[in-house]
Amino acid sequence: MKLFIASDIHGSALYCQQMLNAYEQEKADKLILLGDILYHGPRNALPDGYNPKKVIELLNPVSNEILCVRGNCDTEVDQMVLDFSVLSDSALIFADGITMIAAHGHKETPKMPCGGILLNGHTHVPSFEEKDGFIRINPGSVSIPKENSQHGYIVFENRIFTWKNLSGEVYREEKI
């Protein structure tokens, strides 16, 4: 199974479209969104191409391919306009013999199985960290990358996590 993992779109239609173009190029089976879909929040500047209504128009046609968890900027009103669930705090994913839990990252870490993988966004910084018997993986941000990181995503396939920028260029790989 090939997963496309992204986070923190924050209402940018510009970067959402680039993300969906990359998703189409990757030919992934599922689009995993780790929260903060439509709004930028009070601590972030408006991202380039900020247009939450256009983001809705872009994501709803692929709603049957999306698994999404709730970020700190996602609210009940968002669920009224999106055709996929955005209100779950976490999701359990089984792929290639690996147990993963997807969560945004702004709340306490969910109870993790030993050897499991926690997928989270929130920080806008790509990372891979082994700690306390599990691995924490962050794709960074689609629209507002921080700490000199790139606008990007992760592809998971054949037990390999591959970080890419929105042009599809690889900048990191980790085999599990």
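Guide: Two strands count as paired if DSSP finds at least two bridges between them, and the strands themselves are DSSP runs (E, at least two residues), as helices are (H or I, at least four residues), numbered from the N terminus. This is a predicted model, in which local features need pLDDT of at least 70 and side-chain atom pairs count only at pLDDT 80 or more, while totals for chains, interfaces and linings use all residues. Residues are numbered from 1 along each chain as its sequence is written, and side-chain values use heavy atoms, with hydrogens and water left out.

Visitor: Which strands are the edge strands of the open sheet of five strands?

Guide: The sheet has mixed pairing, and its strands follow the order β4-β5-β6-β8-β7. An edge strand pairs on one side only, which is the case for β4 (90-95) and β7 (127-131). The edge strands are therefore those at the two ends of that order, β4 and β7.

Visitor: In β6, which residue is the bridge partner of Ile101?

Guide: Strands of a sheet pair through backbone hydrogen bonds, either parallel or antiparallel. Here β5 (residues 98-103) runs parallel to β6 (residues 117-119), with three bridges between them. Looking across from Ile101 into β6, one finds its bridge partner, Leu118.

Visitor: How many disulfides does the count come to?

Guide: A disulfide is a pair of cysteine sulfur atoms within 2.5 Å. Cys73, which counts as buried at 13% relative accessibility (buried being under 20%, exposed over 50%, and partly exposed in between, with a 1.4 Å probe and protein chains only), has its nearest cysteine sulfur, that of Cys68, 12 Å away. Cys73 is thus in no disulfide, and by this rule the count comes to zero.

Visitor: Which residue forms a salt bridge with Glu26?

Guide: A salt bridge needs a side-chain nitrogen of Lys or Arg within 4 Å of a carboxyl oxygen of Asp or Glu. Glu26, in helix α1 (residues 13-26), is linked to a residue of strand β10 (residues 160-165) that lies 138 residues away, and the closest N and O atoms are 2.8 Å apart. Glu26 is buried, with a relative accessible area of 11%, and its partner also counts as buried, at 14% relative accessibility. That partner is Lys164.

Visitor: Is Asp89, which forms a salt bridge with Lys107, buried, partly exposed or exposed?

Guide: Asp89 lies in the loop between α3 and β4, and Lys107 in the loop between β5 and β6, 18 residues apart. The closest N and O atoms of this pair are 3.2 Å apart. At 38% relative accessibility, Asp89 counts as partly exposed.
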